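Let's take a friendly walk through one model, with a few spots worth finding on your screen.

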Amino acid sequence: MSATISWVHIGDLHMDEADGWLARERLMAIVGEVNERIGDAADFVFLPGDNANHATPEQYRAITNALAPLRRPYRVIPGDHDFELGNLDTYETAFPAINRPEVEVIAGHRCVFLDMISAGAGGPDFRLTMHHWNRLLEELARAEAEGQVPLVFMHAYPGDLAADGDAVARTFADARVAFVDTGHTHYNELLNDGRVVYGATRSTAQIEEDGGRPGYTIVTVHNRVPSWRFKPIGGGWPFVQIVAPADLRLVTRPADPRQVPRPGEVAVVAKLFGGDADTVVMITAGGAPQPMTADTDGVLWRATLSLAPGLHAVTVTAGDDQDTISLLVRPEDNIPHRTLQVAPGLDIHTVGAWPERGILGTQLGPNKNGKKP
């Protein structure tokens, strides 16, 4: 039986009256798209921290008012800007406890939401409290014992932690965490350190890449295979995402045929967002396009391709939208070998530019190569 989870990642809001409440208008637009087009194809909406730019009650009120019409659950974690007053009091007052859990099982996945903010001194001094270290270890062990796929949500990469970053990343790898979702960068990025895939989505209000074009990411994990695709606000629908097998850039377990399939009949799964009864979904891998078949809910679409060993460009088209992956097919006696893990959780492992998924590879933001101090 397949296990699938999807969520909408709304990048760091930095809600602020100083820019004319830019984040509020964009957040309202995203809420509208989630309600009208995505619906229950997403399990929840995720806010990765740096929610209010100066942690004021007014800024949080603008966020919660904009989120009020949202018809899907949302989950939120703190960022360094939420700690600007030296505590998380206004943050915790603004968001009900149900929206900021430490752990939650969603669609068979154990989701761990980390606070890497309040143990530090503010600013970029990111650390885990002993409580969160222990809770992380406990929940990852529980996921293994109960046969759940672990996912982690934190404000920044482990490599950004002021202490224990390497240990945190190796803990994720040892626990077979399928995906770690982060904010902080202000730009779109994916990392693959050979064991774990990390994703970061551009800020909603403070964007230096792509001409300041705002949007959000849809992240899906299907049978432990992660997929990630950015969607600009106001773009067309439907929106399609190939969720299995894995794109070559996101392979972390090459011996797993769900990531690197064997030659012959290969099952491909795509997820459709914002489709309707008239949507036609087609797949091609170098030959003539063929139709995919929808599950009963019309969200997951499937097809079987006959593929020889090698690298294949597989494209799924739905209406005017399409998604493409680079799919590696290898026989069982010739699967790729993994080397020792080096520098886990660091952005030296970026997959680089991937414009079809919304990744420009510029690292253009205030925390890396940005124009702002």
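## A buried glutamate

Glu189 is buried (under 20% relative accessible area, 1.4 Å probe, protein chains only), yet Glu189 has no salt bridge. A salt bridge here is a side-chain nitrogen of Lys or Arg within 4 Å of a carboxyl oxygen of Asp or Glu. The nearest side chain of opposite charge, Lys368, lies 7.2 Å away. This is a predicted model, in which local features need pLDDT of at least 70 and side-chain atom pairs count only at pLDDT 80 or more, while totals for chains, interfaces and linings use all residues. Residues are numbered from 1 along each chain as its sequence is written, and side-chain values use heavy atoms, leaving out hydrogens and water.

Which side chains make polar contacts with the side chain of Glu189? Tyr157 does so at 2.6 Å, and Gln363 at 2.7 Å. Such a contact is a pair of N or O atoms within 3.5 Å; within protein, one must be able to donate a hydrogen and the other to accept it, and residues adjacent in sequence count only if both atoms are side-chain atoms.

## Around helix 5

Helix 5 spans residues 165-174, and its buried residues are Gly165, Val168, Ala169, Thr171, Phe172 and Ala173. Helices are DSSP runs of H or I with at least four residues, strands runs of E with at least two, numbered from the N terminus. The buried residues of helix 5 pack against helix 4 (130-145), strand 6 (149-153), strand 7 (179-182) and strand 9 (197-200), where contact means heavy atoms within 4.5 Å. Arg176 follows helix 5 and has a positive phi, near 55°.

Technical notes:
Buried means under 20% relative accessible area, exposed over 50%, partly exposed in between (1.4 Å probe, protein chains only). Lys and Arg count as positive and Asp and Glu as negative; His and the chain ends are not counted.
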